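Please open the model in your viewer and set the display to cartoon. The tour below goes from one selection to the next and says what is found at each stop.

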Amino acid sequence: MLFIIILLVVIMIAYLFMNNYPHFGKTYSKEKQQTFQQLENYQNGKFQNQIPTSMSTDLRTTYTMLRDFVKSNPNRKPSVLIPMTNMKKFILSDQDEAKITWFGHSAVHIEIDKKNILVDPMFGNVPSPFPQFGGKRYSGGLPFEIADLPVIDAVILSHDHYDHLDFGTIKKIKHKVKHFIVPLGVRGHLERWGVETDKISEHNWWDEFSFEGLTIACTPARHFSGRSLTDRNASLWCSWIIMSNQHKIFFSGDSGYASHFKEIGEKYGPFDVALMECGQYDERWSAIHMLPEETVQAFIDVKGEVLIPIHWGAFTLAFHDWYDPIERVLKAAKQNNLHIATPKIGELMNISTKEFPTSIWWK
């Protein structure tokens, strides 16, 4: 009887923790989830990929992942802090130019048509619901102070994983953001963290809409979502397209390689630049994260002009050497005679003047 009481107490504590710890966010109620039932990419209470997508969880795979986790590899993270370009202040152009600044991993600032946009602004030091644990940011910090951020016209999110949607970051920047543009189901997290409902718009794949003179399209990705043990695929994941009269930008989000890239290229390409995921991969989960050579093929599929590799250079979330993503994607791009940019964190790229850095700064 004592054992049963202790077990029930443990279960109750775990339940209360899962439902009250703010970093986990908040999943939509069953009533709200009912509004997704008629969608083609929503079945059996979960969002679905366009094609079958799974991660192997058999005993052999689990064993090899545990083996690799404990195996020593000094190259999984840099031995010294990686360089970055200190920005001091955001200097915004009064010209009608398009500019991009990468902050490591998938966080970018886009200045286009005199609008300020942040995409997947994960500015925390650790991609985890528990900031005290986990691998720290390779650069040791950011090239700017969050307090120095200007007013942000829009924050665009690709999905709700911790390395893309960060509780601490949203709490710090929400008062500076005019609008949040997110995939279906992500609104619940933001509302729990104090973002006003009328500042959030949710979108499904292939939604195209106007925003402050820009055209934005929510496009497919091959991935998954979830922030806790009970909300797997309760919200959508996506890629994004941002278009002005002069420029078109593609942001891949997290994605395994699939035919959606060619669909996007045929419908919206070519793109001036394509920000493409190329890190945190492994053969065992290649269905949800591209290998670098697939990144290059996806870039070709979407009809990009300049490839900007993202989803690397900030955190260790896989078993490969920290610099392996950029080395492999650079090699594959050169083999295909493609134009690839290799910016340092904080280094400005001007799309309008085609000023793209190509230094081998990681060596």
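The stops that follow cover two sheets, some of their strands and loops, and a pocket. The model is a predicted one.

**Stop 1: the sheet from β8 to β16**

Begin with the open sheet of seven strands whose order is β8-β7-β6-β5-β4-β3-β16. Its pairing is mixed. Colour residues 200-203 and 348-350: these are β8 and β16, the edge strands, and each of them pairs on one side only. From one strand to the next the twist averages 20°.

**Stop 2: β3, β4 and the loop between them**

Select residues 99-102 for β3 and residues 108-112 for β4. The two strands run antiparallel and are joined by four bridges. To find one of the partner pairs, show Trp102, whose bridge partner in β4 is Val108.

Now show His105, which sits in the loop between β3 and β4. Its phi is near 55°, a positive value in a residue other than glycine. Is His105 buried or exposed? His105 counts as buried because its relative accessibility is 2%, and the cut-off for buried is under 20%.

**Stop 3: the hairpin and β5**

Continue along the chain from β4 to β5, which is residues 115-119. β4 and β5 run antiparallel, with five bridges between them, and Ile112 stands opposite Lys115 in β5. Together the two strands form a hairpin with two residues between them. Select Asp113 in the turn: its phi is positive, at about 55°.

Next, show the side chains of β5. Five of its five residues are buried, and the strand is mostly covered. Lys115, Ile117 and Val119 lie on one side, Asn116 and Leu118 on the other, and both faces are covered.

On to β6, residues 154-156, which pairs with β5 in the parallel sense over three bridges. Here Val119 stands opposite Ile156.

**Stop 4: the sheet from β9 to β15**

Move to another open sheet of seven strands, with the order β9-β10-β11-β12-β13-β14-β15 and mixed pairing. The edge strands are β9 (208-211) and β15 (339-340), each pairing on one side only.

At the β9 end, select residues 214-219, which make up β10. Four bridges join β9 to β10, and the two run antiparallel. Show Glu208 and, opposite it in β10, Ala217.

**Stop 5: β13 and its neighbours**

Select residues 271-277, strand β13. Why is β13 described as largely enclosed by the rest of the structure? Seven of its seven residues are buried, so the rest of the structure largely encloses the strand.

Add β12, residues 248-251, which runs parallel to β13 and is joined to it by three bridges. Phe250 stands opposite Ala274 in β13. Then add helix α6 (residues 260-268): β12, α6 and β13 make a right-handed β-α-β unit.

Now select β14, residues 304-310, which pairs with β13 in the parallel sense over six bridges. One pair to show is Phe271 with Gly304, which stand opposite each other. With helix α7 (residues 292-302), β13 and β14 make another unit described as right-handed β-α-β.

While β12 is on display, pick out Phe251, which is in this strand. At 2% relative accessibility, Phe251 counts as buried. Measure to Ser158 in your viewer: the two C-alpha atoms are 8.8 Å apart in space, and the residues are 93 apart in sequence.

**Stop 6: two loops beside β13**

Select Gly269 and Pro270, which are joined by a cis peptide bond with omega of about 0°. Pro270 is in the loop between α6 and β13.

Then select Gln280, in the loop between β13 and α7. The phi of Gln280 is near 65°, again positive in a residue other than glycine. Gln280 counts as buried, with 5% relative accessibility.

**Stop 7: the largest pocket**

Finish with a surface display and the largest pocket, which has a volume of about 930 Å³. Which of its 29 lining residues are the closest to its centre? They are Pro127, Asp163, Thr316, Leu317 and Ala318. Colour the lining by class, and it shows 12 nonpolar, 12 polar and five charged residues.

How values were computed. Residues numbered from 1 in each chain as written. Predicted model: local features only at pLDDT ≥ 70, side-chain atom pairs only at ≥ 80, totals over all residues. Heavy atoms only, no water. Pairing = 2+ DSSP bridges. Axes fitted to C-alpha atoms, helices over the stretch in contact; angles between N-to-C directions. Buried < 20%, exposed > 50% of the residue type's maximum accessible area, 1.4 Å probe, protein only. Right-handed = clockwise from strand over helix to strand, strands pointing away. 1 Å grid on protein atoms, 1.4 Å probe; cavity = no way out; pocket = protein on both sides within 12 Å on 5 of 7 lines; lining within 4 Å. Points joined across faces, edges and corners; volume = space filled by probe spheres on them. Nonpolar A, V, L, I, M, F, W, Y, C, P; charged D, E, K, R; others polar.
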